[in-house]
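Here is a friendly walk through some labels that come up when reading a structure, and the reasoning behind each one. Have the picture open as you go.

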Amino acid sequence: MCARSKYFKHLPRSPEATAGFTLIEALVVLIFVGIVTAVLTDSLTRVFELRTRFAAYLDSAAASQMTLSWLRRSTESLIPDYPEGEGRFHGTAVEFSGISLAAPGADPGIPHGISWRLLNNVQNHELRLETRVDRRPWVAVAAWPELSGRFDYDGGDGRWVPEWPPALVTQNSPQIPRLIRVVIGSSADGWSAILAPFGPRMARVRNDNLLRSILPQ
């Protein structure tokens, strides 16, 4: 090896040559940054979706608890009407009505006609619960992303029936069921509650109309 070759071989590299990245190193860094960014973006998207679903679940649970409180108060305070009165209790799988001493939004202790119903909105994939006091308009109080819901009634024999009064009814049958069950949804996210009227269940003895004497004509 010549002296000139030895000279160039042992020459120190300039600072410009040692500083900076080669093209391959820059590409590797860019690829690594892209992978990390993609992973972080996907993780943040998943976290956001989970937070959105969790918030919706909390809102639904809070609405269910508030609605259940209204349902309980108005149902526990149900009272019977006279045998031929227009305020006597009547229930189907999607609606029930009667007279209550604790109607939603009304002064407690004063009899009012109340109604609760379930409306299925197929287009919005939504089940709405609405209530009405006396002859006022219906008011929606809760909604769930469900397509199924129902009311059931128990007269005291442990059997749930889809309507009240049941098909076989006599003069000795109670006007108000012993228990009312509301079932919202059929999935694991659904909920149900059993409501128990506390007052008398038999019809009043005088043949008159209780609501007609209370409500303005």
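Q: What makes strand β2 (residues 90–91) and β3 a pair?
A: This is a predicted model, and in it β2 and β3 pair in the antiparallel sense over two bridges. Pairing takes at least two bridges, so β2 and β3 qualify. One of the bridge partners to look for is F96 in β3, which is matched with G91. A hairpin through three residues links β2 to β3.

Q: How do you know that strand β1 (residues 78–79) pairs with strand β3 (residues 95–100)?
A: Again, count the bridges: there are two between β1 and β3, in the antiparallel sense. The cut-off is at least two, so β1 and β3 count as paired. L78 has S100 of β3 as its bridge partner.

Q: What joins β3 to strand β4 (residues 112–121)?
A: Six bridges do, and the sense is antiparallel. With at least two needed, β3 and β4 therefore count as a pair. To find your place in β4, look for S115, the bridge partner of S97.

Q: Why is E130 called buried?
A: E130 has a relative accessibility of 5%. Buried means under 20%, so E130 earns the label. You will find E130 in strand β5 (residues 126–133). Beyond its neighbours within four places in sequence, E130 is in contact with S115, W116, R117, L119, W138, V139, A140 and V141.

Q: What makes the approach of the E130 side chain to the side chain of R117 a polar contact?
A: The distance is 2.8 Å. A polar contact needs a suitable pair of N or O atoms within 3.5 Å, so this one is counted. The side chain of E130 is also joined to that of R128 by a polar contact, this one of 3.0 Å.

Q: Why are β8 and β10 called edge strands?
A: Four strands form an open sheet with antiparallel pairing, in the order β8-β7-β9-β10. β8 (160–161) and β10 (191–195) each pair on one side only, and are the edge strands.

Q: How do you know that strand β7 (residues 149–154) pairs with strand β9 (residues 179–184)?
A: β7 and β9 run antiparallel and are joined by six bridges. The requirement is at least two, so β7 and β9 are a pair. Among the matched residues, R150 has V183 in β9 as its bridge partner.

Q: Is D152 buried or exposed, and why?
A: D152, a residue of strand β7, has a relative accessible area of 6%. That value falls under 20%, so D152 is buried. Setting aside neighbours within four places in sequence, D152 is in contact with W160, V161, L179, I180, R181 and V183.

Q: Which side chains make polar contacts with the side chain of D152?
A: R150 is one of them, at 3.0 Å. R181 is another, at 2.8 Å. Each distance is within 3.5 Å, so both are counted as polar contacts.

Q: Why is F32 called exposed?
A: F32 has a relative accessible area of 56%. Exposed means over 50%, so the label applies to F32. F32 belongs to helix α3 (residues 23–76).

Q: What makes F32 suitable for a nonpolar patch?
A: A patch residue needs over 30% relative accessible area, and Phe is among the side chains counted as nonpolar. F32 has 56%, so it clears that cut-off. V29, F32, V33 and V36 form the patch on the surface, with about 340 Å² of accessible area together.

How values were computed. Residues are numbered from 1 along each chain as its sequence is written. This is a predicted model: local features need pLDDT of at least 70, side-chain atom pairs count only at pLDDT 80 or more; totals for chains, interfaces and linings use all residues. Side-chain values use heavy atoms; hydrogens and water are left out. Patches are made of residues with over 30% relative accessible area and no salt bridge: like charges are joined within 9 Å, nonpolar side chains (Val, Leu, Ile, Met, Phe, Trp, Tyr) within 5 Å. Accessible areas come from the Shrake-Rupley method with a 1.4 Å probe; for residues, only the protein chains shown count as cover. A salt bridge is a side-chain nitrogen of Lys or Arg within 4 Å of a carboxyl oxygen of Asp or Glu. Buried means under 20% relative accessible area, exposed over 50%, partly exposed in between (1.4 Å probe, protein chains only). A polar contact is a pair of N or O atoms within 3.5 Å; within protein, one must be able to donate a hydrogen and the other to accept it, and residues adjacent in sequence count only if both atoms are side-chain atoms. Contact means heavy atoms within 4.5 Å.
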